[in-house]
Amino acid sequence: MSDKLRVGVIGATGMVGQRFITILADHPWFEVAVVAASAHSAGKTYGEAVDGRWKMDTPIPENVKNMVLMDASKVNEVADQVDFVFSAIKLDKADTRNLEDQYAKTETPVVSNNSAHRWTPDVPMIVPEINPQHADIIPYQRQRLGTERGFVAVKPNCSIQSYTPALSAWRKFEPTQVIATTYQAISGAGKTFKDWPEMVGNVIPYIAGEEEKSEREPLKIWGNVDAATKSIVPDEGTVITSQCLRVPVLYGHTAAAFVNFKQNPTKDDLIEALETYSGEPQELGLPSAPKQFIQYMTQDDRPQVSLDVNFEHGMGISIGRLREDKIFDWKFVGLSHNTARGAAGGAVECAELLKAKGYISAK
């Protein structure tokens, strides 16, 4: 191994786990030291375990292909070989929380793609460009866990990335009410068209749990770390309502959103706020950070999934069709890459931020 931090990917054989593996293949700071999955897969090489179900567009990285999968439930065995882990495990919420806490208690930081810990009050849910200050909650979480370096951090739901960055850029105009309808790619369910042929030419107007996540998670992102309660207190100034639909697209979540503001911004004000919005990842030059977090597109028919989903290697957000509305103040369309920015890529950028801030280091 090099002097890079040693990473474990638990849940490495699923679609998000595969995306972690591809992103980390040539990462300048992190190197995959352990791949782990269920006991059923343990003992196989990674290549054997994903044979016939590799879902990425690029081949399995050679440095991981012949690694032998470990049993993710054997926490101490995995933790002994890594500096931190990415979690993409597929268990029920209680079991996920328990397993991630077990890793943290071995003094192994956990950066999770899962939703199980998103509403744990002292677990930061971070979009690095928006709320990097929420890392300040980690010392309080460590007090609860009884750890010195172990903790759990999570990234938010993939679909909110298509509209929450725009609303974050507009926070100074005080958004009060938001309607967000998301049109979500099938890879968000861990599927391809080969796995899910009934999605071809189809729209399903229901995705379990998505609407609650869409309405609540931005409020935690916009919340504040409260020292008195040792928790993140969600914002109460904005009300969001949503509908979430599954559409026949492989990658890319699109949102059609409507927003009211307490202030009275002009269109030029809103566009300027989008185009100039950046955060700590850009200041720090994090490896995964897009140079431009949000682009505003002036064409009437943009953003489009086929043309724009890979903006900034899938880590940038595309906004367009900003118009005045007859009922709300403004309406717009947003697009984000659901497995890059929205899943594994967002978690990797979060880990980079936490390393830069000193929360993740070599054991």
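Over the ring of which residue does the charged end of K355 sit? In this predicted model, the charged end of K355 is placed over the ring of W29, at 4.5 Å from the ring centre. W29 also belongs to a cluster of linked ring pairs, together with F20, F30, F84 and F86. The points below begin with that cluster and with the helix that contributes F20, then turn to a mixed sheet, the helices beside it, and the cysteines.

**Aromatic pairs and the ring cluster**

- The structure holds 12 aromatic pairs, and one of them is the stacked pair of F20 and F86, whose ring centres are 4.7 Å apart and whose planes make an angle of 20 degrees.
- This stacked pair joins distant parts of the chain, since F20 belongs to helix 1 (residues 15-24) and F86 to strand 4 (residues 84-87), with their positions 66 residues apart in sequence.
- F20 counts as buried because its relative accessibility is 0%, and F86 counts as buried because its relative accessibility is also 0%.
- F86 forms an edge-to-face pair with F30, with 6.5 Å from centre to centre and 70 degrees between the planes.
- Because F30 lies in strand 2 (residues 30-37) while F86 lies in strand 4, the edge-to-face pair ties together parts that are 56 residues apart in sequence.
- F30, with a relative accessible area of 0%, is buried.

**Helix 1 and its surroundings**

- Helix 1 is largely enclosed by the rest of the structure, because 8 of its 10 residues are buried.
- The buried residues of helix 1 are M15, G17, Q18, R19, F20, I21, T22 and L24, so that F20 of the stacked pair appears in a list that also holds the charged residue R19.- These buried residues pack against strand 1 (5-10), strand 2, helix 2 (46-49), helix 3 (62-65), strand 4 and helix 12 (340-356).
- R19 lies over the face of Y251, at 5.2 Å from the ring centre.

**The six-stranded sheet**

- An open sheet is formed by 6 strands in the order 10-7-11-14-13-12, and the pairing within it is mixed.
- The edges of this sheet are strand 10 (239-246) and strand 12, each of which pairs on one side only.
- Neighbouring strands of the sheet are turned against each other by 20 degrees on average, with direction ignored.
- Strand 12 (residues 294-297) pairs with strand 13 (residues 317-324) in the parallel sense over 4 bridges.
- Within this parallel pairing, Y296 has I319 of strand 13 as its bridge partner, and Q295 stands opposite S318, also of strand 13.
- Strand 13 pairs in the antiparallel sense with strand 14 (residues 330-336), over 5 bridges, and these two strands form a hairpin that leaves 5 residues between them.
- In the pairing of strand 13 with strand 14, the bridge partner of E324 is W330.

**Helices against the sheet**

- Helix 8 (residues 210-221) lies across strand 7 and strand 10, and its direction runs at about 140 degrees to strand 10.
- Helix 9 (residues 267-275) packs on the sheet, where it touches strand 11 (253-261), strand 12, strand 13 and strand 14, and its direction makes about 140 degrees with that of strand 12.

**T181 in strand 7**

- T181 is placed in strand 7 (residues 175-184), and with a relative accessible area of 15% this residue is buried.
- Leaving aside residues up to four places away in sequence, T181 touches Q243, L245, T254, A255 and A256.

**Cysteines**

- The count of disulfides comes to 0, and for C158, which is in no disulfide, the nearest cysteine sulfur is that of C244, at 9.4 Å.
- Because a disulfide requires sulfur atoms within 2.5 Å, the 9.4 Å from the sulfur of C244 to its closest cysteine sulfur, in C158, is too far for a bond.
- C158 counts as buried at 13% relative accessibility, and C244 counts as buried at 0% relative accessibility.

Terms used. Residues are numbered from 1 along each chain as its sequence is written. This is a predicted model: local features need pLDDT of at least 70, side-chain atom pairs count only at pLDDT 80 or more; totals for chains, interfaces and linings use all residues. Side-chain values use heavy atoms; hydrogens and water are left out. Rings of Phe, Tyr and Trp (its six-membered ring) pair if their centres lie within 6.5 Å; planes under 30 degrees apart count as stacked, over 60 as edge-to-face and the rest as tilted. Buried means under 20% relative accessible area, exposed over 50%, partly exposed in between (1.4 Å probe, protein chains only). A charge sits over a ring if NZ of Lys or CZ of Arg is within 6 Å of the ring centre and within 35 degrees of the ring normal. Two strands pair if DSSP finds at least two bridges between them. Contact means heavy atoms within 4.5 Å. Axes are lines fitted to C-alpha atoms, for helices over the stretch in contact, and angles run from 0 to 180 degrees between N-to-C directions.
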